[in-house]
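Me: Could you take me through one part of this structure slowly? I'd like a close look at a place where two helices meet.

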Amino acid sequence: MDARVRMTKMMIRNTFFDLLKECPIERITVKSICEGAGINRATFYKYYENPYDLLDKLEEEFLSSLQEEIVNSKTRSLSQLFRIVLNDIVEKKDIYLTLFSENGDEMFKKSLFDLVYVDNMKHIKKDYPNLSQTGQTYLFYYIAEGCTGVVNRWINDGMKENPEEIAGFLEKFVYSIDKSKL
């Protein structure tokens with residue numbers, strides 16, 4: 001991708017996120033994106049079908065990047081996995097704040113935790129071998145929803161605690177589940 005294309009896409013992306021901070025996606029138009037980015041409609045349509053397609057592609061890009069980081073890290077523990085995700089959130093704070101806001105996409109939160117499903121399920125299968133596969137899946141979603149709530153609150157409160165503190169809390173939360181009662 002040449003520099004002009006990268007610059008154009010960056011201007012579209014930045015304008016889109018600025019608009020998304022102010023209003024829900026339903027109210028964002030191609031016209032408003034083009035005006036803010038200083039491009040014409042044909043340029044926008046060269047890369048995206050509509051604002052929803054732009055949002056999908058941006059989310060996909062962030063999740064792919066995070067997934068690559070997880071795979072490359074060869075993470076071995078839940079706390080390492082939490083740290084990778086939380087550090088990515090801090091690194092891309094403005095983007096995550098927007099995507100986790102009331103104007104953001106609820107499905108993005110779900111996609112973020114679905115991304116770590118396979119790694120988490122490995123830990124759940126190892127730590128809770130007596131649970132049926134269905135029970136292990138339910139346990140994952142119980143944990144994922146709790147972690148999502150904590151991360152969402154942390155983001156909305158301005159990420160005052162560092163990622164290490166939150167990762168430690170989440171790890172304690174996960175490992176506080178009494179294995180003998182499941």
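Reply: Here is a walk through one helix pair, with a side trip to the cysteines and a second pair to finish.

Keep in mind that this is a predicted model. Let's start with helix 7, residues 106-115, and helix 9, residues 133-156. Their axes sit 10 Å apart, and the two helices pack at an angle of about 125 degrees. Angles from 65 to 115 degrees count as roughly perpendicular and those over 145 as roughly antiparallel, so helix 7 and helix 9 are oblique to each other. The crossing itself is right-handed.

Who does the touching? On the helix 7 side you'll find Lys109, Phe113 and Asp114, and helix 9 brings Phe140, Tyr141, Ala144, Cys147, Thr148, Val151 and Asn152. Sort the residues of this contact by class and you get six nonpolar, two polar and two charged.

Cys147 of helix 9 is one of those contact residues. Cys147 counts as buried because its relative accessible area is 2%. Cys34 is buried too, at 5%. How about disulfides? The count is zero. For Cys34, the closest cysteine sulfur is in Cys23, 15 Å away, so that is too far for a bond.

Now the second pair: helix 4 (residues 51-73) and helix 5 (residues 78-91) pack at about 145 degrees, with axes 10 Å apart. Their crossing is right-handed. Leu66, Glu69, Ile70 and Ser73 of helix 4 meet Leu81, Ile84, Val85 and Asp88 of helix 5. That contact has five nonpolar residues, one polar and two charged.

Key:
Residues numbered from 1 in each chain as written. Predicted model: local features only at pLDDT ≥ 70, side-chain atom pairs only at ≥ 80, totals over all residues. Heavy atoms only, no water. Axes fitted to C-alpha atoms, helices over the stretch in contact; angles between N-to-C directions. Helix = DSSP H or I, 4+ residues; strand = E, 2+ residues; numbered from the N terminus. Left-handed = near helix turned anticlockwise from the far one by under 90°. Contact = heavy atoms within 4.5 Å. Nonpolar A, V, L, I, M, F, W, Y, C, P; charged D, E, K, R; others polar. Disulfide = S-S within 2.5 Å. Buried < 20%, exposed > 50% of the residue type's maximum accessible area, 1.4 Å probe, protein only. Parallel < 35°, antiparallel > 145°, perpendicular 65-115°, else oblique.
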